[in-house]
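Let's take a walk through this model together, starting with the whole chain and then zooming in on a helix, a few single residues and a pocket.

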Amino acid sequence: MMPNYSNMCPVSRAAIGTPEAVCLNRGRKANADVWKVETPDGAWVVKDFQKCPWWIRWTYGRFMAWNEYRLLKRLHGINGVPQQIYRLDAYAVVMEFLNGQTLSGYRARITPEYFLRLEAIVKAMNARGVAHLDTRNAKNVLILADGQPALLDFQAGVMLGYFPRPLQNLMIHTDLSGVYKHWYHKSRESIDDPRKDILREHFRWRRWWMLKGYAFYKRRRPKGSEQALFEEYRLKQQAAAQREQEALNAAAAAQADRRSALEEPLRP
């Protein structure tokens, strides 16, 4: 028997499709429809797999709705993620609407303090045993009305405890590299070298990732900020190698001068 979720949820299925509901995104293929629903208790976001084909709705859809619900419940109390989360039914999850703008559409200058707070959210999330795995997507990162950061879309996330330590570290590394990707893209003059090193290392192994979306592609080539980061590193390494060579040349010249000075008295 299907659990009765409706008694706990502030949104009913009948509310979807009414004038109070606005479709924010029509899901393609196996993705959920995303609705914003206004109620007397405030605005809510509904992620709904009900319209998916039955073989997706009964399997993948049910799992994804359940997965996002349990991850957000695990993260309760961390500022920067939705705090109020409910199950509408087996195919839909409801969460509070966060008023803000995604990084993908934000054109104003972003301060380093914003990225430090975003980094703190990701680290707190990982410390709770959750990996987001899609922090690289700028549509999943918000700048709230008060300027604070927030994360969205946890349906592809995982519980870290189910995986061996090397995979856990890789997932944590992936989440942090997403933060540093946005930081480098939006405010590259303020990101420090250790964080750029983490981002560059992630870019390096990610170039071999063949799967993207629903299709397979050839090996990725760096572009945009990724290409700029590699070029910056190449120039830095080139300058370091040049300085090292100059130091070696100077040391060799000094040694030759000392040898000449020692040999000078011995000459007839």
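What share of the 268 residues in the protein chain is buried? Buried residues make up 38% of them, where buried means under 20% relative accessible area, exposed means over 50%, and partly exposed is in between, using a 1.4 Å probe and protein chains only. Before going on, keep in mind that this is a predicted model, so local features need pLDDT of at least 70 and side-chain atom pairs count only at pLDDT 80 or more, while totals for chains, interfaces and linings use all residues. Residues are numbered from 1 along each chain as its sequence is written, and side-chain values use heavy atoms, with hydrogens and water left out.

The protein chain has five helices and twelve strands; these are DSSP runs numbered from the N terminus, with helices being H or I of at least four residues and strands being E of at least two. Contacts, meaning heavy atoms within 4.5 Å, reach a long way along the sequence. Taking those with a separation of 6 or more, 63% join residues 24 or more positions apart.

Now pick out helix α2, residues 112–127. Its 16 residues should span 22 Å at 1.5 Å a residue, and its end C-alpha atoms are indeed 22 Å apart, so the two figures agree. The expected span here is 1.5 Å times one less than the number of residues. The buried residues of α2 are Tyr 114, Phe 115, Leu 118, Glu 119, Ile 121, Val 122, Met 125 and Asn 126. They cover an arc of only 155° around the axis, which puts them on the same side of α2; the arc is that of the directions from the helix axis to the C-beta atoms. Just after α2, Gly 129 takes a positive phi of about 90°.

Stay with Glu 119 in α2 for a moment. Because its relative accessibility is 7%, Glu 119 counts as buried. Leaving aside residues up to four places away in sequence, Glu 119 touches Leu 176, Val 179, Tyr 180 and Arg 195. Glu 119 and Ser 177 sit 58 residues apart in sequence, yet their C-alpha atoms are 9.7 Å apart in space.

Ser 177 turns up again when you look at His 202, in helix α4 (residues 193–206). With the same neighbours in sequence set aside, up to four places away, His 202 touches Arg 136, His 173, Thr 174 and Ser 177. At 1% relative accessibility, His 202 counts as buried.

Slide back to the loop between α3 (165–187) and α4, and you'll find Ser 190. At 25% relative accessibility, Ser 190 counts as partly exposed. Ser 190 touches Pro 112 and Trp 183, not counting residues up to four places away in sequence. There's a link back to α2 here too: the C-alpha atoms of Ser 190 and Phe 115 are separated by 9.9 Å, with their positions 75 residues apart along the chain.

Two loop residues are worth a look for their backbone. Leu 133, in the loop between β7 (130–131) and β8 (141–144), has a positive phi of about 75° although it is not a glycine. Asp 153, in the loop between β9 (149–151) and β10 (158–159), is another non-glycine with a positive phi, near 60°. Leu 133 counts as partly exposed at 33% relative accessibility, and Asp 153 counts as partly exposed at 29%.

Finally, where are the residues nearest the centre of the second largest pocket? They are Asn 79, Gly 80, Val 81, Leu 98 and Leu 144, among 13 lining residues. The lining divides into seven nonpolar, five polar and one charged; Ala, Val, Leu, Ile, Met, Phe, Trp, Tyr, Cys and Pro count as nonpolar, Asp, Glu, Lys and Arg as charged, and the others, Gly among them, as polar. A pocket is an open set of points on a 1 Å grid over the protein atoms alone, where a 1.4 Å probe fits, with protein on both sides within 12 Å along at least five of seven lines, and lining residues have an atom within 4 Å of a point.
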